[in-house]
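Please take a moment to look over the sequence and the model shown here before reading on. The paragraphs below are meant to be read with the structure open beside them.

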Amino acid sequence: MKTGRFISLEGGEGVGKSTQLRALSAALRARGIDVVETREPGGSAGAEAIRTLLLTGAADRWSQRAEALLFAAARADHVEKTIRPALQRGSWILSDRFVDSSRAYQGMGELTDDDILTLHRIGSAGLLPDRTFALTLPEAEAERRAHMRDGGDTDRIGARDSTFHQRVARSFRGFASAESDRVRIVDASGAAQTVTMRLLQGLDDLLP
Ligand SMILES: Nc1ncnc2c1ncn2[C@@H]1O[C@H](COP(=O)(O)OP(=O)(O)OP(=O)(O)O)[C@@H](O)[C@H]1O
Ligand SMILES: Cc1cn([C@H]2C[C@H](O)[C@@H](COP(=O)(O)O)O2)c(=O)[nH]c1=O
């Protein structure tokens with residue numbers, strides 16, 4: 001029986017997750033692997049509807065608690081409708097963000113990391129990726145890339161201040177230290193192809 005694998009790409013805004021998701025999918029398909037590309041918030045019809053609620057509107061549209069619950073609800077639908085069926089078919093899932101984004105963005109304020117993991121246990125039976133890559137870049141380079149892409153037109157959460165985004169980056173580094181089997185830091189600097197090679201090396205032990 002084929003074994004599906006679940007890989008997530010994480011990191012702050014503009015580090016190159018979406019670019020690498022496409023490149024890594026292509027590299028895995030070239031090896032004959034069936035790949036499903038997906039993203040969070042989103043990845044299923046219900047979760048995409050919640051994405052619009054989460055990422056548009058005023059900065060104070062949602063309380064910290066309501067925001068965390070909406071992300072967990074979107075993820076529950078995404079896991080049930082898209083991720084688990086694909087893994088059961090033996091496909092690989094590549095997700096642009098997953099629960100570690102909720103831990104980094106929603107779990108360091110009014111709610112704790114434990115709170116976010118509790119919501120994840122309730123919503124998604126605690127499903128975790130087989131491997132998570134946390135892409136890292138110096139803050140100025142990530143901002144430059146994000147600005148080149150959208151000219152400063154960021155979404156409701158991306159628009160938060162630099163202190164918030166620095167804390168998010170520290171959180172991802174902390175997850176990699178605490179859960180080194182699953183979460184690997186990947187240097188996202190340099191040419192996109194070089195970064196893809198680093199990701200492929202980080203999958204050596206999972207590739208058939
Ligand atoms: N290695 C790279 N070198 C230079 N530019 C890059 C590289 N990788 C991606 N980019 C460019 O940087 C911008 C941001 O990349 P991308 O959208 O993939 O980042 P992201 O991490 O998905 O961002 P976000 O979380 O904000 O959606 C894009 O314009 C992309 O073309
Ligand atoms: C999954 C997830 C995402 N976020 C934030 C992170 C970004 O600011 C946006 C998503 O935008 P992207 O361009 O698609 O990366 O949402 C979050 O705060 N918590 C989460 O769980």
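What follows is a walk through the two ligands, their surroundings and a few features of the backbone.

The model is a predicted one, and every value given here was computed from it. A useful place to begin is the record: an unreviewed UniProt entry places the feature "domain: Thymidylate kinase-like" at residues 9-194. In the model, 55% of this span is helix and 12% is strand, and the C-alpha atoms at the two ends of the span lie 16 Å apart.

With that span in mind, we can turn to ligand 1, which sits in the largest pocket. The elements that give two or more residues to the shell around ligand 1 are helix 1, covering residues 17-30, and helix 6, covering residues 139-150. Of the elements, helix 1 gives the most to this shell, with 3 residues. In total 13 residues surround ligand 1, and the closest are Lys-17, Ser-18, Thr-19, Arg-149 and Gly-190. Sorted by class, the shell has 3 nonpolar, 5 polar and 5 charged residues.

Which atoms of ligand 1 are approached by the polar side-chain atoms of Lys-17 and Arg-97? In the case of Lys-17, a polar side-chain atom lies 2.7 Å from an oxygen atom of ligand 1, and for Arg-97 a polar side-chain atom lies 3.3 Å from an oxygen atom of the ligand. With Arg-145 the ligand atom is a nitrogen, which is 3.4 Å from an N or O atom in the side chain of that arginine. Taken alone, ligand 1 exposes 640 Å², and the protein buries 76% of that area.

The record also has something to say about this part of the chain. For "binding site", the unreviewed UniProt entry lists Gly-11, Gly-12, Glu-13, Gly-14, Val-15, Gly-16, Lys-17 and Ser-18. In the model, the lining of the largest pocket takes in Gly-11, Gly-12, Glu-13, Gly-14, Val-15, Gly-16, Lys-17 and Ser-18 from this set. One of the listed residues, Gly-12, is found in the loop between strand 1, at residues 6-10, and helix 1.

Next comes ligand 2, and where does ligand 2 sit? Ligand 2 sits in the largest pocket, and of the 15 residues around it, Glu-13, Arg-51, Arg-97, Ser-102 and Gln-106 come nearest. Helix 2 (45-55), helix 3 (64-89) and helix 4 (99-106) each supply at least two residues of the shell around ligand 2, and helix 4 gives the most, with 4 residues. By class, the shell around ligand 2 has 5 nonpolar, 4 polar and 6 charged residues.

The polar contacts of ligand 2 can be followed one side chain at a time. A polar side-chain atom of Ser-102 lies 2.5 Å from an oxygen atom of ligand 2, while an N or O atom in the side chain of Arg-75 is 3.0 Å from an oxygen atom of the ligand. For Asp-155, a polar side-chain atom lies 3.5 Å from an oxygen atom of ligand 2. Taken alone, ligand 2 exposes 480 Å², of which the protein buries 91%.

Two details of the backbone complete the tour. Arg-97, already met beside ligand 1 and among the residues nearest ligand 2, lies in the loop between strand 3, at residues 92-96, and helix 4. The phi angle of Arg-97 is near 80 degrees, a positive value in a residue other than glycine. The second detail is found at Pro-41, which lies in the loop between strand 2, at residues 35-39, and helix 2. Is the peptide bond from Glu-40 to Pro-41 cis or trans? This bond is cis, with omega near -10 degrees.

How values were computed. Residues are numbered from 1 along each chain as its sequence is written. Chains are lettered from A and ligands numbered from 1 in the order in which they are written. This is a predicted model: local features need pLDDT of at least 70, side-chain atom pairs count only at pLDDT 80 or more; totals for chains, interfaces and linings use all residues. Side-chain values use heavy atoms; hydrogens and water are left out. A residue is near a molecule or strand if one of its heavy atoms lies within 4 Å of it. A polar contact is a pair of N or O atoms within 3.5 Å; within protein, one must be able to donate a hydrogen and the other to accept it, and residues adjacent in sequence count only if both atoms are side-chain atoms. Accessible areas come from the Shrake-Rupley method with a 1.4 Å probe; for residues, only the protein chains shown count as cover. On a 1 Å grid over the protein atoms alone, a cavity is a set of points where a 1.4 Å probe fits but cannot get out, and a pocket is an open set with protein on both sides within 12 Å along at least five of seven lines; lining residues have an atom within 4 Å of a point. A molecule sits in a cavity or pocket if more than half of its atoms lie within 2 Å of its grid points. Ala, Val, Leu, Ile, Met, Phe, Trp, Tyr, Cys and Pro count as nonpolar, Asp, Glu, Lys and Arg as charged, and the others, Gly among them, as polar. UniProt positions are given in the numbering used here, feature names are shortened, and annotations may be inferred rather than shown by experiment.
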